[in-house]
Amino acid sequence: MKLFKGKWLARPIQESLPAAVVGRGPAAEAAAGAIEAAGWRTEVIDQVKSIVGLPGYFRLQTAAGHRWAGAVVLTENRPAPAPWPEVDRLAVVVDPSLHPDPAWFGQLLDRAMDFPGRVFLFCGQAKVAGPDLSTKYRAARQAGVLVTRLAAGPEINPTDQGARLSFSDPVLADDVELTVGAVVSPRPWTPSPELSAAVTALGLIPGPDGYPAPDNVLFPAPRTSRAGVFAPGLAGGRPDDWDRDIDLLLAELPALLAADPAKFALSLNSDRGECAECLTCLRVCPVGAIGWLDGPAVNPVACLQCGQCVAVCPVRAIRPDWVEEKDLIESLIGPGTEPGAGTALLICNRAPDPDPVDLPAGVKVIKLACAGRVDDLVLAGLIGWGYERILIAGCHNGNCRSLDGADKAAASAERTAGLIERLQGNRRPDGDRIAIRFIRLAPNQPHILAQALAEVTS
Amino acid sequence: MSPINLDQADLDFAAELSRRPGGAGISKCYACGACSAICPVMTFKEDYDPRRLIRLILLGQKETVLRNPLIWFCAACYSCQEVCPQQVDFTELSFALRNWAVDEGAGPPALVGQIGLLSQQGRLYAIDEFAADKRTKQGLPAVEEQPADYDKLLGDLRVRLAKGGEGDA
């Protein structure tokens with residue numbers, strides 16, 4: 001046990017967790033400095049493979065192992081924009097499908113004004129009214145920058161000396177032609193690989209250009225669509241809001257980082273002398289809710305009650321009170337349960353309620369906290385018990401509250417179905433006696449459930 | 001119509017115009033078209049369109065604009081200035097363009113004639129003997145022509161017209 005505590009358990013149950021600053025460079029250093037100055041521990045992490053967990057208990061998987069953090073702060077260094085070629089006449093063509101934010105467009109106007117040659121600026125629907133932007137727009141015109149708004153962009157024909165552009169003027173409806181030394185197509189900032197990886201790992205709602213947390217009413221900066229994850233200075237692409245964002249972040253940190261061992265007090269009912277101390281449950285928990293406190297201990301705040309730990313426990317030592325699966329356990333292993341027959345429906349209790357659905361006769365409905373509870377052993381047990389047709393209903397990708405529970409169920413179904421098929425192929429040429437099928441459902445799709453059941457039972 | 005070629009355009013035209021009296025508004029225009037929508041001149045002169053003129057200026061079509069008789073059509077009703085959301089002041093812009101056109105020797109010929117008449121006889125329509133007799137019979141004082149005053153006032157414009165004409169030739 002002591003070995004585990006020292007070597008295996010990176011999770012500090014008894015002490016406060018640090019704030020993880022994801023990224024590198026000045027922005028990460030500035031964020032870490034500000035948070036440490038406020039009295040909290042930080043850990044700067046370059047790149048993350050995955051981030052799971054809930055506010056206060058994030059598990060960040062990195063190449064070097066995993067780290068625990070109470071809050072996640074996303075930062076990034078914006079790369080310097082590519083220099084424009086030094087030509088007498090330069091066409092700057094902004095992709096008309098983009099709707100650049102005013103700050104970026106302002107920077108573009110600044111560059112056009114500073115450019116030694118003449119700039120022809122083409123854009124789609126750039127907003128030119130805004131604080132300071134109107135003045136800048138005027139100044140750019142005064143400096144000889146020709147701004148043309150085109151719905152489809154100019155036609156560009158490369159030549160030896162550059163390019164020949166032609167377009168139909170939106171006001172005059174006349175054709176206009178011009179020769180330029182070069183054409184550049186600047187894009188608004190694109191997220192760095194580190195930030196993209198973090199956004200993907202967190203399953204955040206991406207903004208219009210791939211940044212996390214669009215600056216909107218639901219997730220005002222620096223918050224992102226995931227509670228406890230912050231993106232100071234990134235939302236809405238306004239670096240000058242950095243100080244305000246950091247202040248807001250610091251105000252929310254105490255609730256996330258303060259140590260509270262009581263949060264881990266709930267046992268998993270595993271202290272029956274059965275636990276093999278293999279730590280499989282700790283590894284498999286999608287939200288990192290399981291820690292170690294003289295045995296597996298679950299954080300009730302973080303736990304999603306998906307039952308995946310129950311599914312993976314090699315000695316079946318975990319029998320939590322909160323998983324309402326008495327039916328399933330009894331139908332599998334419990335004495336006094338009559339052998340079943342016909343069709344079994346294993347359904348996530350966040351999928352549509354099967355009760356109102358007009359079920360075909362003889363369908364055994366087994367509601368689960370998460371379809372991820374269905375493993376090969378469950379399927380084999382059901383078949384062994386006499387069920388010949390098994391339908392597993394999980395949630396759509398991205399909807400699974402246990403992150404990948406539905407995926408795990410799908411994998412189990414595929415594996416077991418493949419195995420059964422091979423068995424049947426060898427021993428039963430008529431071979432469609434046993435059928436296992438996995439479907440994904442949303443709560444408002446009982447008709448799909450009914451249809452799938454009809455197909456499976458027929 | 002052949003396409004407008006920006007390679008031959010005077011792309012500083014708009015910036016230069018903005019530095020002339022009355023021309024400052026040119027850099028504010030967003031091409032919303034409010035001026036064209038309200039312009040009363042457009043109701044009888046269809047090719048007159050303030051927004052088109054502004055765009056031609058921005059595209060550096062200096063010769064096309066200054067030698068365009070359309071810039072002399074503005075009736076100075078100031079309707080466009082009332083509706084413009086950007087305070088472009090197109091009426092003032094028109095005056096700036098006309099002044100520039102005169103400098104370029106592109107003033108309308110009638111203008112030259114009218115200045116000549118005013119400078120010579122103090123009015124566009126001379127008081128002939130018949131009218132003078134009528135005034136005498138009515139007991140009105142004789143009209144005293146003072147063309148020198150007009151000459152003083154318009155002399156500068158005449159010089160500019162002459163100069164522009166020379167430059168043009």
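Between chain A and chain B there are five salt bridges, a salt bridge being a side-chain nitrogen of Lys or Arg within 4 Å of a carboxyl oxygen of Asp or Glu. One to look up is the pair A:R164 and B:D7, whose side chains meet at 3.1 Å, N to O. This is a predicted model, where local features need pLDDT of at least 70 and side-chain atom pairs count only at pLDDT 80 or more, while totals for chains, interfaces and linings use all residues. Residues are numbered from 1 along each chain as its sequence is written, chains are lettered from A and ligands numbered from 1 in the order in which they are written, and side-chain values use heavy atoms, with hydrogens and water left out.

Now for the rest of that interface. There are 20 residue pairs in polar contact across it, both residues at pLDDT 80 or more. A polar contact is a pair of N or O atoms within 3.5 Å; within protein, one must be able to donate a hydrogen and the other to accept it, and residues adjacent in sequence count only if both atoms are side-chain atoms. On chain A's side, β8 (118–123), α4 (133–142), β9 (146–149) and β12 (175–180) each supply at least two of the residues that touch chain B. Helices (H or I, at least four residues) and strands (E, at least two) are DSSP runs, numbered from the N terminus.

How many residues does each chain bring to the contact? Chain A gives 23 and chain B gives 23, with contact meaning heavy atoms within 4.5 Å. The area buried between them is about 2200 Å², 52% of it from carbon and sulfur atoms; buried area is the accessible area (1.4 Å probe) that two parts lose on being put together, summed over both. In chain A, the residues losing the most area to chain B are A:R141, A:V171 and A:L172, together 28% of what that side buries.

The chains also share a strand pairing: β12(A) runs parallel to β1 (residues 4–5) of chain B over two bridges, and A:V176 has B:I4 as its bridge partner. Two strands pair if DSSP finds at least two bridges between them.

Inside chain A, look for an open, parallel sheet of four strands in the order β2-β1-β6-β14. Its edges are β2 (42–45) and β14 (229–230), each with a single partner strand, so one side of each is left without a neighbour in the sheet. Strand β6 (residues 71–74) and β14(A) pair over two bridges, with A:V73 standing opposite A:F230.

Another open, parallel sheet of four strands in chain A goes β9-β8-β7-β13. Here β9 and β13 (182–184) are the edge strands, pairing on one side only. Three bridges join β7 (residues 89–93) to β13(A), and A:L90 stands opposite A:A182.
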